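Have the sequence and the model open side by side for this one. We'll walk through the fold from the outside in, and then look at a loop.

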Amino acid sequence: MRKRILAYLTFIDDILANKLPVDACFQAKGEHPVKAAKDVVPTRKDYEKLLETHLQQIAFFQHERLVHLLVMILFAVLTFSVFFIII
């Protein structure tokens, strides 16, 4: 997950630095063969689409964190229940 987050941050930084076009697709491996054209100016719709994609990525990361939290809580509850059964 760490690699995916770092690849996504690099992807967003490249878009904001005009190294990638706004409509480029995110790839978890971090490879983006498309380079931004120097004379193409992104429109407001392009940035709105990027914002929508960004919110989807944030939702994905939040979902992953929630699942890990629930697993950790379940593990803690089961661990304590085993100790109380033994005692």
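Which residues make a nonpolar surface patch of about 560 Å²? The patch is built by L66, L69, L70, M72, I73 and V77. For a patch of this kind, residues need over 30% relative accessible area and no salt bridge, and nonpolar side chains (Val, Leu, Ile, Met, Phe, Trp, Tyr) are joined within 5 Å. Take L69 as an example: L69 sits in helix α2, residues 44-86, and counts as partly exposed because its relative accessibility is 39%. The cut-offs here are under 20% relative accessible area for buried, over 50% for exposed, and partly exposed in between, with a 1.4 Å probe and protein chains only.

A word on what you're looking at: this is a predicted model, where local features need pLDDT of at least 70, side-chain atom pairs count only at pLDDT 80 or more, and totals for chains, interfaces and linings use all residues. Residues are numbered from 1 along each chain as its sequence is written, and side-chain values use heavy atoms, with hydrogens and water left out.

Zooming out, the protein chain has 2 helices and 0 strands, taken as DSSP runs numbered from the N terminus (H or I of at least four residues for helices, E of at least two for strands). Of the 87 residues in the chain, 16% are buried. The chain exposes about 7500 Å², and carbon and sulfur atoms supply 67% of that area, computed by the Shrake-Rupley method with a 1.4 Å probe.

So what's inside? The largest nonpolar core has 11 residues: A7, Y8, F11, I12, I15, L20, V22, A24, F26, L50 and F61. Such a core is a set of buried Ala, Val, Leu, Ile, Met, Phe, Trp, Tyr and Cys residues joined through side-chain atoms within 4.5 Å. Two elements, α1 (2-16) and α2, give two or more residues to this core, and α1 brings the largest share, with 5 residues. Core member V22 touches I15, P42, D46, Y47 and L50, leaving aside residues up to four places away in sequence; touching means heavy atoms within 4.5 Å.

Now for the rings. Searching the whole structure turns up 3 aromatic pairs. In one of them, the ring centres of Y8 and F61 are 6.2 Å apart and the planes meet at 70°, so the pair is edge-to-face. (Rings of Phe, Tyr and Trp, the last by its six-membered ring, pair if their centres lie within 6.5 Å; planes under 30 degrees apart are stacked, over 60 edge-to-face, and the rest tilted.) This pair links distant parts of the chain, with Y8 in helix α1 and F61 in helix α2, 53 residues apart. Both Y8 and F61 are buried, and together with F11 and F60 they form one aromatic cluster.

Back at the start of α2, R44 forms a salt bridge with E48, their closest N and O atoms being 3.3 Å apart. The rule asks for a side-chain nitrogen of Lys or Arg within 4 Å of a carboxyl oxygen of Asp or Glu, and the count comes to 1. R44 and E48 are separated by about one helical turn because they are 4 residues apart in helix α2. R44 is exposed at 67% relative accessibility, while E48 is partly exposed at 43%.

Last stop: N18, in the loop between α1 and α2. Its phi is near 60°, a positive value in a residue other than glycine. Most residues other than glycine have a negative phi. N18 is partly exposed, with a relative accessible area of 48%.

Methods. Patches are made of residues with over 30% relative accessible area and no salt bridge: like charges are joined within 9 Å, nonpolar side chains (Val, Leu, Ile, Met, Phe, Trp, Tyr) within 5 Å.
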